[in-house]
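Student: I'd like a close look at a single part of this model, and then how that part sits in the rest of the chain. Could you walk me through it in one go?

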Amino acid sequence: MEAYNAEKVAQVWQRVRGSALPEDCSAGLPALIAGEWADAATYLQLSRHFQGRDAAALRRMFDEEQSHAACLKGIYTLLTGERTVTRTPPLPQEPVEATLRRCYGREMHCLAEYEQRASNREYGPVFQRLAEQEREHCRVLLELLGKLKHK
């Protein structure tokens, strides 16, 4: 009988799981959670500067960003057995156009993070859905930027 090689066993299990994420895929989740909470607060604040369908779209994005944060918190809890405590920084006071630009950059960052994590066997479908919603948020933000009247 061959000697037990722990490193080889770990490599085999890594292939079986098929995870493209590092061993500790909880890494970076607290920052993503805090970012999603900040994005939600920003969209709620932005919705007050718009009317009609545009305000409704921003309120929908507020709800979706809260849902993203809750999903990420759930994943973190399942992975670590602990609850994450996140602090959301205060929102910057800036013109609406600057806020929309900043939000677009944040959405692109989150989209890249979720796409990278979408190949995870256990949580990949959730990350894929989050990525789809972030893509739609990017589209809405570009539309709102395009509708702004320049003074």
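Tutor: Let's start at Phe 50. Leaving out residues up to four places away in sequence, Phe 50 touches Ala 55, Leu 58, Val 96, Leu 100, Leu 144 and Leu 148. Keep in mind that this is a predicted model. Phe 50 sits in the loop between H2 and H3, and it counts as buried, because its relative accessibility is 13% and the cut-off for buried is under 20%. One of those contacts spans a good stretch of chain: Phe 50 and Val 96 are 46 residues apart in sequence, with 9.9 Å between their C-alpha atoms.

Now look at one partner, Leu 58. With the same neighbours along the chain left out (up to four places), Leu 58 touches Tyr 43, Leu 46, Ser 47, Phe 50 and Leu 144. Several of these names come back in the largest nonpolar core, which has 15 residues. Within that core, Tyr 43, Leu 46, Phe 50, Leu 58 and Leu 100 touch the most other members. The elements giving two or more residues to this core are helix H2 (29-47), helix H3 (52-80), helix H4 (96-117) and helix H5 (124-147). H3 supplies the largest share, five residues. A second, separate core has 14 residues, among them Leu 29, Ala 69, Phe 127 and Leu 130. As background, nonpolar side chains in soluble globular proteins tend to be buried together.

Let's zoom out for a moment. The protein chain has five helices and zero strands, so you can read the fold as α-α-α-α-α from the N terminus on. Of its 151 residues, 36% count as buried. Among contacts between residues at least 6 apart in sequence, 78% join residues at least 24 apart. The accessible surface comes to about 9,300 Å², and 55% of that belongs to carbon and sulfur atoms.

Back to the helices around the core, beginning with H3. Its 29 residues should span 42 Å at 1.5 Å a residue, and its end C-alpha atoms are 42 Å apart, which agrees. Just after H3, Gly 81 takes a positive phi of about 75°.

H4 is next. With 22 residues, H4 reaches 31 Å from its first C-alpha to its last, close to the 32 Å expected at 1.5 Å a residue. Its buried residues are Thr 99, Leu 100, Cys 103, Glu 107, Cys 110, Leu 111, Tyr 114 and Arg 117. Seen down the axis of H4, those buried residues fall within an arc of 125°, so they line one face of the helix. An α-helix has 3.6 residues a turn, so residues three or four places apart point the same way. On the other side of H4, Arg 101 and Gln 116 are exposed. The buried residues of H4 pack against H2, H3 and H5.

H5 has 24 residues and reaches 35 Å between its first and last C-alpha atoms, close to the 34 Å expected at 1.5 Å a residue. The buried residues in H5 include Phe 127, Leu 130, Glu 134, His 137, Leu 141 and Leu 144. The buried residues of H5 pack against H2, H3 and H4. Leu 142, also in H5, is partly exposed, with a relative accessible area of 45%. Leu 142 and Arg 101 are 41 residues apart in sequence and 8.6 Å apart in space, C-alpha to C-alpha.

There's a charged-type name worth a stop in H2 as well: Glu 36. Glu 36 counts as buried, at 0% relative accessibility. Leaving out residues up to four places away in sequence, Glu 36 touches Glu 65, His 68, Ala 69, Leu 72, Arg 106, Cys 110, Tyr 114 and Glu 134. The C-alpha atoms of Glu 36 and Gln 66 are 6.8 Å apart, with their positions 30 residues apart along the chain.

Finally, how far should you trust all this? The mean pLDDT of the chain is 87, and 82% of its residues reach 70 or more. Confidence is highest in H5, at 97, and lowest in helix H1 (residues 6-17), at a mean of 51. Over residues 16-23 pLDDT stays under 50, and the model has 13 contacts beyond four places in sequence for them. Where pLDDT is low, the predicted coordinates should not be read in detail.

Note on methods. Residues numbered from 1 in each chain as written. Predicted model: local features only at pLDDT ≥ 70, side-chain atom pairs only at ≥ 80, totals over all residues. Heavy atoms only, no water. Core = buried A, V, L, I, M, F, W, Y, C linked by side-chain atoms within 4.5 Å. Buried < 20%, exposed > 50% of the residue type's maximum accessible area, 1.4 Å probe, protein only. Helix = DSSP H or I, 4+ residues; strand = E, 2+ residues; numbered from the N terminus. Contact = heavy atoms within 4.5 Å. Areas by Shrake-Rupley, 256 points an atom, 1.4 Å probe, with all protein chains shown as cover. Expected span 1.5 Å × (residues − 1). Arc of directions from axis to C-beta. pLDDT = per-residue confidence, 0-100.
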